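Reader: I am new to this structure and would be grateful for a close look at one part, the charged side chains and their partners. Please also describe what surrounds that part.

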Amino acid sequence: MTRRRLLGLAVLVAALLVATGAVVTTRLVANRPAAPAAGPTTAPPAAPTPAPTTASPAPPPGADLKGPLNLLLVGVDTRVSIPGWEPHADAVLLLHVPAGLDRAYLFSLPRDLVVDIPAYPKARYPGGRTKLTHAMSYGSRVPGDKRNPSTAQGYELLRTTVSRYTGLRIDAGAVITFGGFDKLVDTLGGVDLYVDQRVASRHRRPDGTMRTLTGGGYVGPQMVYEKGTRHLTGWQALDYARQRYTAGGDYTRQRHQQQLLRALARKILDQGTARDPQRVEQVVAALGRTLVYAGGGRKLIDFAYALGGLPADRLTLVALPGAGVSSGGAYRGEQLKPLGRDFLTALRGGRADAFLAAHPSLRVRN
């Protein structure tokens with residue numbers, strides 16, 4: 001596999017589905033049946049046999065995927081292992097690949113973004129205007145079975161909600177629990193990340209154990225991530241990416257999540273993970289059931305091949321500015337500022353590069 005194809009795989013799922021895509025690709029090539037050998041004939045043919053025509057090679061998977069493509073990446077909180085706990089979308093990211101499939105943009109939507117969530121009969125949800133994170137929760141409800149909410153259903157309602165808000169068709173996506181993310185990072189041997197501001201953990205002690213939760217919040221020593229290039233283990237990477245009670249709030253957390261995903265993609269490239277079937281199997285085994293792939297009827301390998309030509313330097317991280325929304329003096333959630341909404345308009349119209357050139361502050365550095 002070329003370095004460009006490896007990047008395409010990594011970017012496809014922002015380092016979460018890359019392993020699965022690579023193992024599918026490897027198996028497809030390795031298990032392709034050889035052409036049967038011609039057996040001996042018992043008698044010469046009665047007439048000369050025309051020379052066989054060479055069959056046209058089958059098109060590669062995803063050859064019909066031309067773009068634009070939009071992939072929805074969702075991180076759900078760690079308590080999904082508790083019976084009856086409805087998954088909440090704590091991280092919502094979109095990867096947009098324009099027509100030509102030669103560049104990509106990764107941006108986040110605030111989990112508390114106030115949106116119109118449509119009615120969803122499968123979960124008996126009537127629809128309403130509330131925070132984006134609730135779309136996953138409300139959609140996951142299975143009538144008559146409160147103890148076993150459906151992550152796939154939750155993703156379906158979240159996907160519809162995001163598509164209506166952004167005006168972008170969602171072609172595929174993935175849902176991963178934070179526990180699965182932790183395992184992924186450790187399986188890859190950790191990740192090197194530039195920490196762009198000092199972050200004190202709300203949840204973890206310096207040794208990785210959980211801080212004590214009391215009626216007034218978490219107490220005890222805190223893990224602190226100092227500014228600079230750091231090597232993070234699985235729990236550290238997850239903990240760092242979860243912190244929103246810091247300077248910049250949830251918008252800072254969105255930026256840190258994007259930076260972490262890009263760092264993981266680079267780690268996969270540097271290790272050559274996708275070229276090593278045994279390492280791929282280890283990553284897939286580590287993820288287990290913590291990862292749900294939603295392809296809209298298309299296989300993962302289709303998107304992996306379609307993005308194979310994406311150049312290494314054409315993944316742009318974008319930060320959409322927003323602000324709080326209040327009603328009657330009470331906090332209701334977040335909304336994108338006009339500049340953020342204008343970026344979505346430019347994206348739909350194929351003018352993202354020109355828009356970012358005019359508004360360079362939207363580009364996430366590091």
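Author: The answer below begins with the salt bridges and then turns to their surroundings.

The model is predicted, so that local features need pLDDT of at least 70 and side-chain atom pairs count only at pLDDT 80 or more, whereas totals for chains, interfaces and linings use all residues. Residues are numbered from 1 along each chain as its sequence is written, and side-chain values use heavy atoms, with hydrogens and water left out.

A search of the whole structure returns 12 salt bridges, a salt bridge being a side-chain nitrogen of Lys or Arg within 4 Å of a carboxyl oxygen of Asp or Glu. Some of these bridges belong to a network that links D90, R111, D112 and R244. Within this network, R111 meets D90 at 3.6 Å, N to O. This pair brings together distant parts of the chain, 21 residues apart: R111 lies in the loop between β3 and β4, and D90 lies in strand β2. Helices (H or I, at least four residues) and strands (E, at least two) are DSSP runs, numbered from the N terminus. R111 also meets D112 in a salt bridge, here at 3.9 Å, N to O.

How accessible are these side chains? R111 counts as buried because its relative accessibility is 12%, the limit for buried being under 20% relative accessible area, with exposed over 50% and partly exposed in between (1.4 Å probe, protein chains only). D90 counts as buried at 12% relative accessibility, and D112 counts as buried at 9%.

Another of the bridges joins R141 and E86, whose closest N and O atoms are 2.8 Å apart. The two residues are 55 positions apart in the chain, R141 in the loop between α3 (133–139) and α4, and E86 in the loop between β1 (69–76) and β2. Here R141 is partly exposed, with a relative accessible area of 36%, and E86 is partly exposed at 22%.

D239, in helix α6, is a charged residue without such a partner. D239 is buried yet has no salt bridge, and the nearest side chain of opposite charge, R204, is 4.7 Å away; Lys and Arg count as positive and Asp and Glu as negative, while His and the chain ends are not counted. The side chain of D239 does make a polar contact of 2.7 Å with that of Y225. A polar contact is a pair of N or O atoms within 3.5 Å; within protein, one must be able to donate a hydrogen and the other to accept it, and residues adjacent in sequence count only if both atoms are side-chain atoms. Leaving aside residues up to four places away in sequence, D239 touches S201, H203, R204, M223 and Y225, where contact means heavy atoms within 4.5 Å.

Y225 leads from D239 to the nonpolar interior. Together with F181 and V191, Y225 touches the most other members of the largest nonpolar core, which has 39 residues. Helix α6 (residues 234–242) supplies the largest share of this core, five residues. Another core, of 38 residues, lies apart from it and includes F107, L113, L336 and L356. Such a core is a set of buried Ala, Val, Leu, Ile, Met, Phe, Trp, Tyr and Cys residues joined through side-chain atoms within 4.5 Å.

The loops and strands around β3 deserve a further look. L101, in the loop between β2 (89–97) and β3 (104–109), has a positive phi near 55° although L101 is not a glycine. L101 counts as buried, since its relative accessibility is 9%. R124, in the loop between β4 (114–117) and β5 (128–131), also has a positive phi, of about 55°, without being a glycine. R124, however, is exposed, with a relative accessible area of 68%. Most residues other than glycine have a negative phi.

A104 brings in a distant stretch of the chain: its C-alpha atom is separated by 4.9 Å from that of L315, 211 residues away along the chain. L315 belongs to strand β14 (residues 315–318) and is buried at 16% relative accessible area.

Finally, the loop holding R141 runs between α3 and α4. Helix α4 (residues 151–166) includes among its buried residues Y155, L157, L158 and V162. G167, with a positive phi near 80°, follows α4.
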